[in-house]
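Dear colleague,

I am handing over the structure that follows, together with an account of what was found in it. Please look it over when you have time.

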Amino acid sequence: MKRVLSGVQPTSEIHLGNYIGAIKRFVELQNEMDCFFCVVDMHSITIPQDPKNLYENSLKLAALYMAVGIDPSKATIFLQSQVPAHAELAWYLQCNTYIGELNRMTQFKDKSQGKEVVTTGLYTYPVLMAADILLYDTHYVPVGEDQKQHLELCRDIAIRFNKKFGETFIIPEPLIAKFGARIMSLDDPTKKMSKSNENKYSKINLLDSPSKIKKSIMKAVTDSESEIRYDVKNKPGVSNLMTIYSVLTKTSLEDIEKRYEGQGYGTFKKDLVEIVISSLEPIQKKYKEIIESGEVEKVLKEGAEKAKEVSHKILTDVKKKMGFVIF
Ligand code: ATP
Ligand code: MG
């Protein structure tokens with residue numbers, strides 16, 4: 001059975017971009033493949049985190065994984081920091097990664113821009129991500145479009161390692177959706193929707209209240225026309241809202257255009273508010289039940305055991321191949 005691995009950072013609330021570009025697709029994959037879904041808490045500390053928030057956000061994200069439909073009896077859900085092999089392999093891989101390669105990473109450039117201090121962890125983040133993936137003999141990595149470059153680096157590192165030390169790693173393939181892999185910010189549709197954007201109206205979080213959802217959509221930047229037309233270049237704001245509409249209702253873009261012909265942005269936005277609220281309602285209800293049931297920690301403990309078992313095999317192989325003494 002082919003294996004899948006992916007992760008989300010517990011940096012703050014999970015938004016519609018994370019859901020559409022990644023988590024929603026995790027749910028679809030769990031029936032077809034052996035899936036590992038990780039809360040990548042070690043990635044999130046590449047940017048300063050308040051320890052209390054990190055703790056809470058990690059458990060919340062695991063609960064959200066389950067609330068959207070990831071079933072712990074089908075997929076392995078775990079916290080990255082509970083499996084020390086991730087940090088260990090990241091070091092071995094760092095010693096096989098070049099500074100020139102990391103210098104080309106656009107996420108580092110974006111996230112370090114204008115910051116007074118930048119951690120070396122933010123710089124080496126893509127190598128930890130490569131370790132996450134390679135540790136599990138992963139075939140497929142479902143991610144949003146923004147992670148494409150990191151995936152390419154992961155493949156390059158794996159290919160280089162295999163050449164130098166002999167066949168060790170499976171070369172993973174990214175699974176990037178043809179549509180919805182880059183949901184844009186509501187306040188600036190030229191930027192991707194991001195957890196790290198401080199403007200709360202730039203995004204819709206999965207746990208947002210109906211009034212926050214309404215306000216975010218009604219405030220969303222569009223353009224000076226009034227036509228509902230999918231045109232990413234000239235109408236990025238409306239096109240982004242149409243993408244969200246289309247994914248959540250499984251309606252084609254052409255049908256949306258037809259449905260709103262001759263109607264302004266107001267009607268379209270009001271309908272989208274209702275669509276988003278009703279799509280998130282069952283997730284929020286399930287989330288509440290999961291939190292109240294207290295089952296999250298048990299799921300994470302079992303997940304970590306399974307993840308440790310699988311990753312230990314690959315890590316040991318790596319160490320042997322590199323020449324480490326193993327007793
Ligand atoms: P941060 O700003 O902290 O980096 P983020 O919103 O980029 O947060 P991540 O935890 O880095 O979220 O990414 C989790 C997953 O969500 C990844 O697969 C990523 O590609 C995907 N993703 C993130 N933002 C979007 C987006 N705007 N549209 C589609 N997919 C996205
Ligand atoms: Mg990100």
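Which backbone N or O atom lies 2.7 Å from a nitrogen atom of ligand 1? In this model, which is predicted rather than experimental, that atom belongs to I183.

Before the details, a word on confidence: the mean pLDDT of the protein is 97, with 100% of its residues at 70 or more, and the model scores ipTM 0.99 and pTM 0.96.

Ligand 1 is surrounded by 23 residues, and the closest of them are K111, D146, K192, K195 and S196. For D146 there is a polar contact to report, since an N or O atom in the D146 side chain is 2.6 Å from an oxygen atom of ligand 1. The side chain of N18 also takes part, with a polar atom placed 3.1 Å from an oxygen atom of ligand 1, while the contact of I183, as said above, runs from the backbone to a nitrogen atom of the ligand.

Turning to the open spaces, the largest pocket holds about 1,400 Å³ of space. It is lined by 48 residues, of which Q107, K111, K192, S194 and S196 are the closest to the pocket's centre. The elements that contribute two or more residues to this lining are the strand β1 (3-8) and the helices α1 (16-29), α6 (106-112) and α7 (120-134). Sorted by class, the lining of the largest pocket comprises 15 nonpolar, 21 polar and twelve charged residues. K111, K192 and S196 are named both among the residues closest to the centre of this pocket and among those closest to ligand 1.

The second largest pocket encloses about 230 Å³ of space, and among the 15 residues of its lining those closest to the centre are R182, M184, Y230, V232 and T243. Its lining consists of nine nonpolar, four polar and two charged residues, and it takes at least three residues from each of two domains, namely domain 1 (3-180 + 295-322) and domain 2 (210-287).

As for cavities, the count comes to one of 30 Å³ or more, and the largest cavity has a volume of about 50 Å³. The residues that line the largest cavity are S12, E13, I14, N57, K60, L61, L64 and L207, which divide by class into four nonpolar, two polar and two charged.

With best regards

Technical notes
Residues numbered from 1 in each chain as written. Chains lettered and ligands numbered in written order. Predicted model: local features only at pLDDT ≥ 70, side-chain atom pairs only at ≥ 80, totals over all residues. Heavy atoms only, no water. 1 Å grid on protein atoms, 1.4 Å probe; cavity = no way out; pocket = protein on both sides within 12 Å on 5 of 7 lines; lining within 4 Å. Points joined across faces, edges and corners; volume = space filled by probe spheres on them. Helix = DSSP H or I, 4+ residues; strand = E, 2+ residues; numbered from the N terminus. Nonpolar A, V, L, I, M, F, W, Y, C, P; charged D, E, K, R; others polar. Domains from an automatic or database assignment. pLDDT = per-residue confidence, 0-100. Near = heavy atom within 4 Å. Polar contact = N/O pair within 3.5 Å; in protein donor to acceptor, adjacent residues only side chain to side chain.
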